[in-house]
Amino acid sequence: MNSAPQTTVVLDDRFARELPELAVAWQAATAPQPRLLELNVALASELGLDVAWLRSPQGLAFLVGAAVPPGASPVAQAYAGHQFGGFVPRLGDGRALLLGELVDDGGRLRDLHLKGSGRTPFARGGDGLAAVGPMLREYVVSESMHALGIPTTRSLAVVATGQAVHRDTALPGAVLARIASSHLRVGSFQYAAATGNGDLLRRLADHAIARHYPDAATADEPYLALFAAVVARQAALVAKWMLVGFIHGVMNTDNMTISGETIDYGPCAFMDAFDPATVFSSIDHAGRYAYANQPIVAQWNLARFAEALLPLLANDQQREAIDRAVEVLGTFGGSYAAAWTSGMRAKLGLPSSVDDATIAQLAGDLLAHLQQSRVDYTLFFRQLATAARGDAEPARGWFVDLAAFDGWLARWQNLQPDAAAMDHVNPVYVPRNHLVEEALAAATAGDLDPLGRLLHATADPYLERPGLESYAAAAPDDFGPYQTFCGT
């Protein structure tokens, strides 16, 4: 009999060592019958993990937290957060564990984190478990975001546990193995600040600088430089979300990373028909996290980050610290506008010779037309490239006020758009909501084929391929209204 493949996984515990006040040592719950549902082979290789071993019983035990490598110290992380505007001083990883940090093939430090691994001291009455559907949703959407070129946490694997999870009904359970540059959040700083422990806050800031923004360490004011760097990263990130029609759904401060990566793919979705008021989350009754509000909320979250950092910004001179923080926070709007305008210039295929004001006006007018006629956002921009090649009929077919759109089209065509350039930034394939739901329902019932086909399509989102026409098509008329759920 052949022996099982062997491997050595080295996990550091830097976060737990440097910030023990934010880490509770913990072990994952038992997974009675672990079974691999999806493995990200390319990511595993990037992380230096043996793919054959990960598929083995020993590897599956590792992926659900049952077999921890020697020297590793799994912890549940503590953090606070504003949830829908209300501050909760103690949140933390209620159903997750940081197994540790590893170094990828580029020499970068990455977190290996489990989601759905059982109750922790932060569970707040929850069972700490996760169902197959929500964990596969995070896998599909996070990997699609990566393929689109948007900074994001990554999904390494989803493993079925063999244990039922009880929500409205009994569902098969699963654990997601997630990879991130780190899991430091605005909420991490809010937690540290709320303790009143100035040394902890300083060590957390130093940890974040060393891990994500080493240049800030040599700045005249390192903590102000940290804040400025996070503001810039988040402005660029949210602009990318808006440009592809992505709606996060739960932009609480505990879901805003210091690294500038997208995190927590619970009630998220890609917009179908363009409407700035679009909300998918079942719990967002007031539309706080609607599509159009995302830049506003991001800046609001960053203001909460600034509040947490105030003791570090000006040697306890409160007024001076506030003034400095407000000045930096004020750069968000300009950074976001610049990133969005640059991205929209690319989506429209227009050269740098067209000034930003013209781009902003042209884009604003176009979005008004898309909203009025409820045009499919993703599909339209691909059809607009077809119009740049001389065939405007597919794009024109959407519009109720055709004369008005034709006027816009003439203005745009006069600027000589580059169709080939448009194809590089306007995706053909995103994880469309009806396809995601079909794939997750099938996977929950034991059929992984629809999931595999969806992953195949979205892995190369800008290249149109024969046989994948249904993955580029708009949602059927009878689909919706659509809601998403956090999975807890």
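**Helices, cores and contacts in a predicted model**

Q: Which helices do the buried residues of α12 pack against?
A: Helices (H or I, at least four residues) and strands (E, at least two) are DSSP runs, numbered from the N terminus. Buried means under 20% relative accessible area, exposed over 50%, partly exposed in between (1.4 Å probe, protein chains only). Packing here rests on contact, that is, heavy atoms within 4.5 Å. The partners of the buried residues of α12 are α11, α13 (377-388) and α15 (402-413).

Q: Which pLDDT do local features need in this model?
A: Residues are numbered from 1 along each chain as its sequence is written, and side-chain values use heavy atoms, with hydrogens and water left out. The model is predicted, totals for chains, interfaces and linings use all residues, side-chain atom pairs count only at pLDDT 80 or more, and local features need pLDDT of at least 70.

Q: How far does α12 reach from its first C-alpha to its last?
A: α12 covers residues 356-373, which is 18 residues. The expected span is 1.5 Å times one less than the number of residues. For α12 that expectation is 26 Å, and the helix comes close to it, reaching 26 Å.

Q: Within what arc do the buried residues of α12 fall?
A: The buried residues are I359, L362, A363, L366, L367, H369, L370 and S373. The arc is taken from the directions from the helix axis to the C-beta atoms. These residues line one face of the helix, because they fall within an arc of 155°.

Q: Which residue follows α12?
A: First, the start of the helix: a side-chain oxygen of D355 reaches to within 3.1 Å of the backbone nitrogen of A357. After the helix comes a residue whose phi is positive, near 50°. That residue is R374.

Q: Which residues of α10 are exposed on its other side?
A: In α10 (residues 318-329), A321, A325, V328 and L329 are buried. They sit on the same side of α10 because they cover an arc of only 100° around the axis. The buried residues of α10 pack against α8 (222-244), α9 (294-313) and α11 (331-348). Exposed on the other side are R319, V326 and E327.

Q: Which helix gives the most to the largest nonpolar core?
A: A nonpolar core is a set of buried Ala, Val, Leu, Ile, Met, Phe, Trp, Tyr and Cys residues joined through side-chain atoms within 4.5 Å. The largest has 105 residues, and those touching the most other members include F189, L384 and W412. With 15 residues, the top contributor is α8.

Q: How many residues are in the second, separate core?
A: This core includes A31, L54, L99 and L114. Its residue count is 26.

Q: Does R17 count as buried or partly exposed?
A: R17 is found in helix α1 (residues 14-18). Its side chain makes a polar contact of 2.6 Å with that of D12, and one of 2.7 Å with that of D13. A polar contact is a pair of N or O atoms within 3.5 Å; within protein, one must be able to donate a hydrogen and the other to accept it, and residues adjacent in sequence count only if both atoms are side-chain atoms. At 48% relative accessibility, R17 counts as partly exposed.

Q: What is the radius of gyration of the protein chain?
A: The radius is taken over C-alpha atoms, and the globule rule is 2.2 Å times the number of residues to the power 0.38. With 488 residues, a compact globule would have a radius near 23 Å. The protein chain agrees, at 23 Å.
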